[in-house]
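Colleague: Please give me a close look at the loops, taken one after another, and at the residues placed in them. I would like a connected account that states the thresholds on which each assignment rests.

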Amino acid sequence: MVDNEAFRKALDFLSESTKYGPPNELNMDVSDTRPLFVSGRCALNLDWGDVGTLAIDPATSKVIDKTGASIMPGSKEVLNRDTGKLEACTADTCPHAINGVNHAPYAAFGGWGGGVNAAADAKVKDAAYAFFSYMTQPAHRTRTSP
């Protein structure tokens, strides 16, 4: 899944973005970028929810009431896995697109994942798949107070 137009375009985008970050950005991890953001020395940080709570901490934040959050950038193109080429999003290829822009899920910190041992009994595999499917339905991804 790396030798295709989509992967190359993503790498080009990330390469371009390093022109606007700190000089040693390629060697930084999340524990380096968060302090830069809350100190006001960094204007943009791709992170999961943790940076939001840090940004409102009066003990350390210089950006209280100056921050926001947004959906991850999307694309009007999607990878055709059969050809390795990018194609324009359509209702079929990007059924969840917003105004023609496809927003892929962001698996922050690896995201939540599930796995089943390949040697498991077929009934166990089916049950695990059904459980993972059930737990990732939209009604279960958002919790609300009773």
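Modeller: Helices and strands are taken here as DSSP runs, a helix being H or I over at least four residues and a strand E over at least two, with numbering from the N terminus. The model under discussion is a predicted one.

On that basis, Leu44 falls in the loop that runs between α2 (30-38) and α3. Its relative accessibility is 67%, and Leu44 is therefore classed as exposed, the threshold for that class being over 50%. Leu44 can also be related to a residue further along the chain: Thr67 follows at a separation of 23 residues, and the two C-alpha atoms are 9.4 Å apart.

The next loop to consider lies between α3 (50-55) and β1 (77-80), and it contains Asp65. The backbone of Asp65 deserves attention, as its phi is positive, at about 65°, although the residue is not a glycine. Asp65 is exposed because its relative accessibility is 77%, where exposed requires over 50%.

A further loop connects β2 (85-88) with α4 (122-135), and Val116 is placed there. Asn99 is found in the loop between β2 and α4 as well. Asn99 is not a glycine, yet it has a positive phi of about 55°. With a relative accessible area of 73%, Asn99 is counted as exposed.

Val116 belongs to another class of accessibility. Its relative accessible area is 35%, so Val116 is partly exposed, a term for values between the buried limit of 20% and the exposed limit of 50%. That value also bears on the surface patch, because patch members need over 30% relative accessible area and no salt bridge, with nonpolar side chains joined within 5 Å. Val116 is one of the residues of a nonpolar surface patch, together with Val124, Phe131, Phe132, Tyr134 and Met135. The accessible area of this patch comes to about 540 Å² in total.

One covalent link completes the account. The whole structure holds 1 disulfide, and it is formed by Cys89 and Cys94, with a distance of 2.2 Å from S to S. The link between Cys89 and Cys94 is left-handed, with -60° about the S-S bond. Cys89 and Cys94 are each buried, a class that requires under 20% relative accessible area.

Technical notes: Residues numbered from 1 in each chain as written. Predicted model: local features only at pLDDT ≥ 70, side-chain atom pairs only at ≥ 80, totals over all residues. Heavy atoms only, no water. Patch = residues over 30% accessible without salt bridge, like charges linked within 9 Å, V, L, I, M, F, W, Y side chains within 5 Å. Areas by Shrake-Rupley, 256 points an atom, 1.4 Å probe, with all protein chains shown as cover. Salt bridge = Lys/Arg side-chain N within 4 Å of Asp/Glu carboxyl O. Buried < 20%, exposed > 50% of the residue type's maximum accessible area, 1.4 Å probe, protein only. Disulfide = S-S within 2.5 Å.
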